[in-house]
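Visitor: I would like a close look at one part of this protein. Please take me through one helix and the things it packs against, and then place that part in the rest of the chain.

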Amino acid sequence: MPFNTQHQFDDFRAKFSAHFRPLQRSFQFWAHTADIYTGYKVFQVRVSLVKDAKKQEEMWERQHEFAADKIYNMCSELGGFFLKVAQIIGKPDLAPAAWVRRLVTLCDQAPATPYDIVQLVLEKELGQKLDEVFDCFDKNPLGSASIAQVHRAKLRGNKNDVVVKVQHPGGQELMMTDIRNLQAFALFVQKTDLKFDLYSVAKEMEKQIAFEFDFTREAAAMDRIRSFLYENNKKSPVVVPRVMKDLVSRRAMVMEYIDGIPILKLGDEMAKRGFNPRGTS
């Protein structure tokens with residue numbers, strides 16, 4: 001198949017990759033999950049043969065540490081939705097301590113989409129070439145999450161910085177694949193091991209995450225919140241970025257740049273300023 005431009009080739013490459021990635025992800029998920037699940041089932045037989053309670057406790061701790069490494073590897077390899085899963089289950093009240101210690105390091109490791117693909121998406125969504133919209137555009141993202149990444153830029157004829165938020169191509173299809181795999185596993189586990197409706201939780205996650213892929217909806221919500229705060233406070237305690245309404249689509253959004261501190265680094269910043277982040281003296 002001949003390609004007249006590099007953009008055509010990049011577009012074909014992105015579509016080809018997006019077509020086969022869900023199958024690959026499903027295989028990876030079930031391979032990892034089967035390994036972790038069968039590991040625990042075999043261990044349950046082994047530990048049942050030990051009568052000493054203290055030794056059983058030590059064995060369980062080692063098994064959790066062994067499984068935590070496997071769960072970490074799965075979430076790190078698959079990324080995206082599974083980074084969210086790691087953040088949810090990596091809490092002291094929801095998972096064994098060994099899991100928490102291992103998974104807490106996975107908070108912000110979503111891989112970035114290459115710039116050439118980002119350019120294709122933005123030009124399609126905004127209906128213009130990037131140099132027609134922006135005076136400058138930083139090719140290196142400020143950050144990348146499971147759904148989108150953000151770049152710093154300047155609009156043509158405007159000296160103020162803006163933030164350009166753009167979805168990872170094929171991200172919604174992959175995340176829905178991940179959630180449905182998780183729903184199937186939840187059904188299996190709640191029928192065989194747990195007396196808890198995990199499936200309904202996974203179904204609600206599917207509904208809520210689908211909303212996150214519509215930036216027009218997000219932009220409207222930001223405008224409503226911003227209007228409410230600014231109309232009801234002389235000085236709003238919360239700063240909400242102003243959205244550039246003519247530069248919003250379902251998969252891309254441009255908003256004003258506001259300098260701030262990432263919430264995961266807030267504790268360190270408070271400590272630098274002489275405050276105890278735990279709120280105790």
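Guide: What follows is a look at helix 7, its contacts, and then its surroundings.

The model is predicted, and the protein chain in it has 10 helices and 6 strands. Of its 281 residues, 35% count as buried. Among contacts with a separation of 6 or more, 57% join residues 24 or more positions apart.

Helix 7 covers residues 171–192, and its axis comes within 8 Å of the axis of helix 8, residues 198–211. The two axes cross at roughly 170°. An angle over 145 degrees counts as roughly antiparallel, and helix 7 and helix 8 are therefore roughly antiparallel to each other. On the helix 7 side, the contact is made by Gln-172, Met-175, Met-176, Ile-179, Arg-180, Gln-183, Ala-186, Leu-187, Val-189 and Gln-190. Helix 8 supplies Leu-198, Tyr-199, Ala-202, Lys-203, Met-205, Glu-206, Ile-209 and Ala-210. Sorted by class, this contact has 12 nonpolar, 3 polar and 3 charged residues.

Helix 7 also packs against helix 3, with the axes 9 Å apart and an angle of about 50° between them. That angle makes helix 3 oblique to helix 7. Here Phe-81, Phe-82 and Val-85 of helix 3 meet Met-175, Asp-178, Ile-179 and Leu-182 of helix 7. The residues of this contact divide into 6 nonpolar, no polar and 1 charged.

Phe-81 ties these pieces together. Leaving out residues up to four places away in sequence, Phe-81 touches Met-175, Asp-178, Ile-179 and Leu-182, along with Ser-146, Met-205 and Ile-209. Met-205 and Ile-209 are also among the helix 8 residues in the contact with helix 7.

A link to helix 1 can be followed from Ser-26, which lies in that helix. Ser-26 is in contact with Thr-177 and Asn-181, leaving aside neighbours within four places in sequence. Ser-26 and Asn-181 are 155 residues apart in sequence, yet their C-alpha atoms are 6.9 Å apart in space. The relative accessibility of Ser-26 is 18%, so Ser-26 counts as buried, the cut-off being under 20%.

Now the wider setting. In soluble globular proteins, nonpolar side chains tend to be buried together. The largest nonpolar core here has 38 residues, and those with the most contacts inside it are Phe-81, Phe-82 and Trp-99. The elements that give this core two or more residues are helix 1 (6–48), helix 2, helix 3 (81–89), helix 4 (97–103), helix 7, helix 9 (215–232) and strand 6 (252–256). Helix 2 gives the largest share, 7 residues.

Helix 2 covers residues 53–78 and holds Gln-63. At 9% relative accessibility, Gln-63 counts as buried. Beyond residues up to four places away in sequence, Gln-63 touches Gly-39, Tyr-40 and Phe-43.

A second, separate core has 17 residues, including Leu-122, Leu-126, Leu-130 and Val-162. Leu-122 and Leu-126 are among the buried residues of helix 5, as are Ile-117, Val-118, Gln-119, Leu-120, Val-121 and Glu-123. Helix 5 runs over residues 115–126 and reaches 16 Å from its first C-alpha to its last, close to the 16 Å expected. Gly-127 follows helix 5, and its phi is positive, near 75°.

Definitions and conventions:
Residues numbered from 1 in each chain as written. Predicted model: local features only at pLDDT ≥ 70, side-chain atom pairs only at ≥ 80, totals over all residues. Heavy atoms only, no water. Axes fitted to C-alpha atoms, helices over the stretch in contact; angles between N-to-C directions. Helix = DSSP H or I, 4+ residues; strand = E, 2+ residues; numbered from the N terminus. Parallel < 35°, antiparallel > 145°, perpendicular 65-115°, else oblique. Contact = heavy atoms within 4.5 Å. Nonpolar A, V, L, I, M, F, W, Y, C, P; charged D, E, K, R; others polar. Buried < 20%, exposed > 50% of the residue type's maximum accessible area, 1.4 Å probe, protein only. Core = buried A, V, L, I, M, F, W, Y, C linked by side-chain atoms within 4.5 Å. Expected span 1.5 Å × (residues − 1).
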